[in-house]
2 protein chains.
Amino acid sequence: MNIGEASNVSGVSAKMIRYYESIGLIRPPLRTDSNYRVYGDDEVHVLRFVKRARTLGFSVEETSTLLGLWQDKSRASAEVKDIATGHITALETKIAELQGMVKTLKHLAHCCGGDNRPDCPILDDLAGEPTPKGH
Amino acid sequence: MNIGEASNVSGVSAKMIRYYESIGLIRPPLRTDSNYRVYGDDEVHVLRFVKRARTLGFSVEETSTLLGLWQDKSRASAEVKDIATGHITALETKIAELQGMVKTLKHLAHCCGGDNRPDCPILDDLAGEPTPKGH
DNA sequence: CCTTGACCTTCCCATCATTGGAAGGTCTAT
DNA sequence: ATAGACCTTCCAATGATGGGAAGGTCAAGG
């Protein structure tokens, strides 16, 4: 099948398929006489693997490692688990960070009348003036 | 003061100060005869505002709008609140997304022995094979 | 006066993952 | 033969930041 169909069935855009090939994440496929890329079921399987890993937030780098481990029949699951748990930790750190932002913003928004007066605790906070009434 | 000191007291790197100036987020400051940028308290106040907004996850674009509203003495707080609450929503969406990833990964990691056997539910999932024993 | 080192200037490049587009070749169906 | 839907490569942009080169400037000390 052509790159377009491979894209459809894998969920990876044609652009990205070419990009993944260019950076060596996936192997260059066979070509037709007219230089079109040709994909088979195995290649699509790889693309689906990549898609799923990226969807779960693994970086391309991590995906590359996972792909190597997947294709290595003798690999140990320990390494895979390490990558996954490391990624979980990173995600949780990011989540905590975002939650901190949300908490602060909600507090500020709650203090803000949101009316037509020029008074605004949100801007006051951004400007560095302490928000009084720490409700 | 020079850009280095302005950077120290505002927490914005010199690189970023120049960048913010180049994209028009902040105004070009005065220059000495030898072409050094000169910052005063007002400029530092702006830099702090920008720093705080960025820390709270506002994009440069949003920060620019907030900065305009801050400097507009007659602004209404309604617009500020809209931007803030919109940002909160975006953050919460992002958080939910990350939490979904974490949930899936934790499930997979839980099912994974992490031992030296080549068996690995994490890879199986990535490969598209259903994880059995949906424990 | 001269040197040293810490500062400053501009300019270009790299990152990460992805998208967009131009210019041109190919395939399929009418 | 031609239309239009595909494919190819190559180049550029995104957003926010960091790195670094090449060169100018300033203050302190020998």
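How many residues of domain 1 of chain A are in contact with domain 2 of chain A, and how many on the other side? The count is 9 residues in domain 1 of chain A and 8 residues in domain 2 of chain A. The model is predicted.

**View 1. The two domains of chain A.** The domain assignment divides chain A into domain 1 (1–75) and domain 2 (76–135). Taken over C-alpha atoms, the centres of domain 1 of chain A and domain 2 of chain A are 36 Å apart.

**View 2. The contact between domain 1 and domain 2 of chain A.** Together, domain 1 of chain A and domain 2 of chain A bury about 650 Å². Carbon and sulfur atoms carry 71% of that area. On the domain 1 side of chain A, the most area is lost by A:Phe58, A:Leu69 and A:Arg75. These residues together make up 55% of what that side buries. Between domain 1 of chain A and domain 2 of chain A there are 0 salt bridges. Polar contact is found for 2 residue pairs across this interface, both partners at pLDDT 80 or more. The side of domain 1 of chain A that touches domain 2 of chain A holds 4 nonpolar, 3 polar and 2 charged residues.

**View 3. The protein surface near DNA strand D.** DNA strand D is surrounded by 19 residues. The closest are A:Gly4, A:Arg18, B:Lys15, B:Tyr20 and B:Tyr36. Of the atoms of DNA strand D that come within 4 Å of the protein, 69% belong to sugar and phosphate. By class, the surface near DNA strand D consists of 7 nonpolar, 6 polar and 6 charged residues. Helix 2 of chain B gives this surface its largest share, 4 residues.

**View 4. Phosphate oxygens of DNA strand D and chain A.** Two arginine side chains and one backbone atom are picked out here. An N or O atom in the side chain of A:Arg18 lies 2.7 Å from a phosphate oxygen of DNA strand D. For A:Arg31, a polar side-chain atom is 3.0 Å from a phosphate oxygen of DNA strand D. A:Ile3 uses its backbone: an N or O atom there is 3.4 Å from a phosphate oxygen of DNA strand D. Three elements give two or more residues to the surface near DNA strand D. They are helix 1 (3–10) of chain A, helix 2 (14–22) of chain A and helix 2 (14–22) of chain B.

**View 5. The interface of chain A and chain B.** Here 51 residues of chain A are in contact with 51 residues of chain B. The buried area between chain A and chain B is about 4300 Å², with 71% on carbon and sulfur atoms. In chain A, A:Leu105, A:Leu123 and A:Leu126 lose the most area to chain B. Together they account for 16% of what the chain A side buries.

**View 6. Polar and charged pairs between chain A and chain B.** The count between chain A and chain B is 4 salt bridges. One of them joins the side chains of A:Lys106 and B:Glu92, at 2.8 Å from N to O. Across the interface of chain A and chain B, 8 residue pairs are in polar contact, both partners at pLDDT 80 or more.

**View 7. Helices on the chain A side.** At least two residues of the side that touches chain B come from each of helix 3 (41–55), helix 4 (60–71), helix 5 (77–111) and helix 6 (121–126) of chain A. Helix 5 of chain A gives the most, with 20 residues. The side of chain A that touches chain B has 26 nonpolar, 12 polar and 13 charged residues.

Methods. Residues are numbered from 1 along each chain as its sequence is written. Chains are lettered from A and ligands numbered from 1 in the order in which they are written. This is a predicted model: local features need pLDDT of at least 70, side-chain atom pairs count only at pLDDT 80 or more; totals for chains, interfaces and linings use all residues. Side-chain values use heavy atoms; hydrogens and water are left out. Domain bounds come from an automatic or database domain assignment. Contact means heavy atoms within 4.5 Å. Buried area is the accessible area (1.4 Å probe) that two parts lose on being put together, summed over both. A polar contact is a pair of N or O atoms within 3.5 Å; within protein, one must be able to donate a hydrogen and the other to accept it, and residues adjacent in sequence count only if both atoms are side-chain atoms. Ala, Val, Leu, Ile, Met, Phe, Trp, Tyr, Cys and Pro count as nonpolar, Asp, Glu, Lys and Arg as charged, and the others, Gly among them, as polar. A residue is near a molecule or strand if one of its heavy atoms lies within 4 Å of it.
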